[in-house]
Amino acid sequence: MSEEAKKSKLEEKLALKPKSCWEVWDKKTIDKVFAFAEDYKDFLGKAKTERLAVYEIRKLAEKEGFVEWGKFSKKADCFRAGDKVYLVNRNKTIILAVKGKRAVGDGLRFILAHIDSPRLDLKLRPLYEDTQLAFLKTHYYGGIKKYQWPALPLAMHGVIVLRSGRKIEVNVGDDPRDPIFMIGDLLPHLAKKQLEKKLKEAIGAEELNLVVGSIPLIAEKGVKEKVKLNILNLLNREYGIKEEDFVSADLEIVPAGRARDLGWDRSMVAGYGQDDRVCSYAAVRALFGVKRPEFTSVVILTDKEETGSRSNTGMTSRFWTDFVRKMLFVETGEESEIGLRDALAASEAISADVTAAFNPDHKDVYDPRNQAKMGFGLAVEKYTGHRGKYSTNEAHAEYMAKIRRVLSGARVPWQPAQLGKVDVGGGGTVAMFLAEYGMDVLDAGVALLNMHAPFEIASKADIYAAYLGYGAFLFAS
Ligand code: MN
Ligand code: MN
């Protein structure tokens with residue numbers, strides 16, 4: 001053996017060198033990677049809002065034999081190891097659980113992901129006319145770069161609830177036969193001043209208005225805003241709504257189109273809403289693979305993460321601890337606050353959220369030695385937050401060691417990660433809200449390029465690695 005080869009053996013033994021999944025996996029595994037990505041793209045293309053994500057996941061779960069909690073609890077004595085249940089909260093969050101062999105009171109295994117994504121919501125009085133064009137005003141949701149949204153084909157998904165309570169579904173722009181909507185931008189010929197502005201100021205929030213029509217209703221006399229009236233008339237015919245009905249609506253504006261393969265080698269997925277539907281999907285599929293786990297396995301897909309986890313569908317609400325309380329009650333026949341708190345404190349969790357992948361075109365914002373790389377597997381973060389570890393949960397060394405052991409034991413490719421250079425910026429996840437209950441939690445997810453952009457990019461290898469990693473976590477005791 002040459003001196004050179006000996007050296008590299010020692011390095012292999014001692015140095016940490018994450019490897020690309022594409023170099024590690026055999027052909028059979030890579031076939032599975034691509035097959036998994038097909039299912040994922042199908043899901044991502046349909047699950048354009050949190051409501052649609054809940055709808056799709058509920059469908060998948062029922063196919064896998066999951067039973068809705070309310071229906072299930074009537075036969076409370078049947079809550080046995082391997083039983084599969086789910087609970088939906090206001091059509092915007094869904095919890096899925098597989099009962100473990102051990103008692104719920106011994107602790108649970110949680111995987112937390114979120115199904116809300118940055119987007120544009122309609123304002124309460126969105127419709128107006130200006131210069132014979134009709135528009136809808138929006139209010140952006142979550143952290144977007146506003147300049148990325150004009151001149152893109154956009155779709156609208158959501159519900160309008162009439163005063164009577166009747167709910168009308170709106171899904172326009174994703175079927176190729178549908179019209180789309182668009183926010184206008186300036187032509188370069190007249191954009192000299194706009195282009196001299198900072199990116200942040202180039203497009204203002206009040207300029208994120210959708211063009212929705214241009215034909216005036218000429219038959220109607222004595223009307224000033226005939227284009228607006230024509231749109232109202234069309235909406236009334238199509239959905240039976242009046243202008244006031246926009247007040248009781250959740251209408252979300254998202255990029256139109258399905259998720260697509262990216263690159264000649266088709267190694268990546270480009271699509272809207274991968275933060276955090278990619279981890280959501282991987283977690284759900286991992287749970288489907290769990291038959292009779294040691295500990296009760298729970299996947300919570302939550303809403304409102306992008307705006308601080310408030311409201312009764314966000315992680316600061318008690319809907320999820322109440323679900324655990326119900327499981328405990330069904331199991332023990334007792335209502336016990338102490339029992340609930342002990343169970344939560346004895347639990348372990350993964351906050352399954354995306355992180356930033358290293359982007360070689362913008363090297364200056366990353367610490368390349370501590371940044372997740374596309375295709376290098378599940379990105380594991382000890383902490384998130386910003387500038388001196390503010391606003392974060394930090395996982396303890398003991399828990400990091402356990403997760404390393406679990407991932408390596410199951411041969412899951414993974415990489416230590418952090419979000420960018422220390423003083424450049426940062427971001428938080430729901431991990432801290434779980435930690436409040438005393439359980440151990442760390443962040444582990446898929447690294448994205450273009451995070452929070454209308455179209456985000458994920459490596460198919462990382463998506464599959466997340467699926468394997470979450471499964472290994474749920475299987476481990
Ligand atoms: Mn996220
Ligand atoms: Mn996000």
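## An exposed serine after helix H14

At 59% relative accessibility, Ser 477 counts as exposed in this structure, which is a predicted model. Ser 477 belongs to the segment that comes after helix H14, whose residues are 460-475. Leaving aside residues up to four places away in sequence, Ser 477 touches Arg 109, Glu 294, Phe 295 and Lys 402. Val 406 is 71 residues from Ser 477 in sequence, while the C-alpha atoms of the two are 9.3 Å apart in space.

## The manganese ion of ligand 1

The protein donors to the manganese ion (ligand 1) are His 114 through NE2, Asp 275 through OD, and Asp 353, which is listed with two OD donors, at 2.1 to 2.5 Å. Along the chain these donors follow the spacing H-x160-D-x77-D. Two of them, His 114 in strand E4 (residues 108-114) and Asp 275 in helix H9 (residues 274-288), are 161 residues apart, and this pair links distant parts of the chain.

Both members of that pair have low accessibility values: His 114 is buried, with a relative accessible area of 1%, and Asp 275 is buried as well, with a relative accessible area of 3%.

## The manganese ion of ligand 2

Which residues supply the protein donors of the manganese ion (ligand 2)? They are Asp 275 (OD), Glu 306, which is listed with two OE donors, and His 452 (NE2), and they lie 2.1 to 2.6 Å from the ion. In sequence the spacing of these donor residues reads D-x30-E-x145-H. Glu 306 sits in the loop between strand E14 (296-302) and helix H10 (319-332), and His 452 sits in the loop between strand E22 (447-449) and strand E23 (456-459), so this pair ties together parts that are 146 residues apart in sequence. Glu 306 and His 452 are both buried.

The two sites share a residue, since Asp 275 coordinates both manganese ions, ligand 1 and ligand 2, which are 3.3 Å apart.

## Backbone details

Most residues other than glycine have a negative phi, and most peptide bonds are trans. Against that background, the peptide bond from Asp 275 to Asp 276 is cis, with omega near 10°. Asp 276, on the far side of this bond, lies in helix H9.

Two residues that are not glycine have a positive phi. For Gln 132 the angle is about 60°, and this residue is found in the loop between strand E5 (119-130) and strand E6 (133-141). With a relative accessible area of 49%, Gln 132 is partly exposed. For Ser 311 phi is near 75°, and Ser 311 is found in the loop between E14 and H10, the loop that also holds the metal donor Glu 306. Ser 311 counts as partly exposed, at 38% relative accessibility.

## Helix H4

Helix H4 covers residues 50-63, and its 14 residues should span 20 Å at 1.5 Å a residue, a value with which the distance of 20 Å between its end C-alpha atoms agrees. Its buried residues are Glu 50, Arg 51, Leu 52, Ala 53, Val 54, Glu 56, Ile 57 and Ala 61. An α-helix has 3.6 residues a turn, so residues three or four places apart point the same way. After H4 comes Gly 65, whose phi is positive, near 90°.

Technical notes. Residues numbered from 1 in each chain as written. Chains lettered and ligands numbered in written order. Predicted model: local features only at pLDDT ≥ 70, side-chain atom pairs only at ≥ 80, totals over all residues. Heavy atoms only, no water. Donors = N, O, S within 2.8 Å, 3.2 Å for Na, K, Ca; no water. Helix = DSSP H or I, 4+ residues; strand = E, 2+ residues; numbered from the N terminus. Buried < 20%, exposed > 50% of the residue type's maximum accessible area, 1.4 Å probe, protein only. Expected span 1.5 Å × (residues − 1). Contact = heavy atoms within 4.5 Å.
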